[in-house]
Amino acid sequence: MAVTYETDVTGLDTTEHYNLYKPGYENVADINVLNMNADIIDAILYDHESLMDDLTARTIDGVLLSRETDIKHYAECSTPAATAAKSVNLPNYRLITGAEVTVKFTVTNTAANPTLNVNSTGAKAIQYRGAAITAGYLAANRTYRFVYDG
């Protein structure tokens, strides 16, 4: 519901960005001017809050935007060498096509056909150039970037 104010704001200065009214010392204090400014601020804050709510439902390379945490694509994997099912934790990660994760392995993989499971989203085969990687390919203290292709 729009509110109409019977106040003459002709000649009042306004703020640069939001056009809030700035009465000067020579102006009589008018509660309507304060209320008009409050309504402008309220509408702007509501729009910003709605925009933030919309943005937090989005991902960047598979990581959900969050007001509480930074976006990270890096994790360390310490799954034992002989275990094929490698797993890492990455806050706010979603398994979607194009999702990315950079993983540093602390041990060299010795298992055949290893998989990677990020945040329990499901184990996916680790491939290079369309084929399963061999044992020993993932070396200790090396960092690899993975992109989920769907």
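The following conversation asks why certain labels are given to residues in this predicted model.

Author: Residues are numbered from 1 along each chain as its sequence is written. Because this is a predicted model, local features need pLDDT of at least 70 and side-chain atom pairs count only at pLDDT 80 or more, while totals for chains, interfaces and linings use all residues, and side-chain values use heavy atoms, with hydrogens and water left out.

Reader: The structure holds four aromatic pairs; why is the pair of F105 and Y144 called edge-to-face?

Author: Rings of Phe, Tyr and Trp (its six-membered ring) pair if their centres lie within 6.5 Å, and planes under 30 degrees apart count as stacked, over 60 as edge-to-face and the rest as tilted. The centres of F105 and Y144 are 5.8 Å apart and their planes stand at 65 degrees, so this pair is edge-to-face.

Reader: What makes this a pair that links distant parts of the chain?

Author: F105 belongs to strand 7 (residues 100-105) and Y144 to strand 12 (residues 142-147), and the two are 39 residues apart. Strands (E, at least two residues) are DSSP runs, as are helices (H or I, at least four residues), and both are numbered from the N terminus.

Reader: How do you know whether F105 and Y144 are buried or exposed?

Author: Buried means under 20% relative accessible area, exposed over 50%, and partly exposed in between (1.4 Å probe, protein chains only). F105 has 2% relative accessibility and therefore counts as buried, and Y144, at 15%, counts as buried too.

Reader: Why is the pair of F105 and F146 given its name?

Author: The ring centres of F105 and F146 lie 6.3 Å apart with the planes at 80 degrees, so the pair is edge-to-face. F105 in strand 7 and F146 in strand 12 are 41 residues apart, and their pair also links distant parts of the chain. F146 counts as buried because its relative accessibility is 15%.

Reader: Which residues do ring pairs link into a cluster?

Author: The cluster consists of F105, Y128, Y137, Y144 and F146.

Reader: What makes N37 count as buried or exposed?

Author: N37, which lies in helix 1 (residues 31-55), has 10% relative accessibility and so counts as buried. Leaving aside neighbours within four places in sequence, N37 is in contact (heavy atoms within 4.5 Å) with L20 and Y21. A polar atom of the N37 side chain lies 2.7 Å from the backbone nitrogen of Y21.

Reader: Why does E6 count as exposed?

Author: E6 is found in the segment before strand 1 (13-14), and its relative accessibility is 79%, so E6 counts as exposed.

Conventions. Polar contact = N/O pair within 3.5 Å; in protein donor to acceptor, adjacent residues only side chain to side chain.
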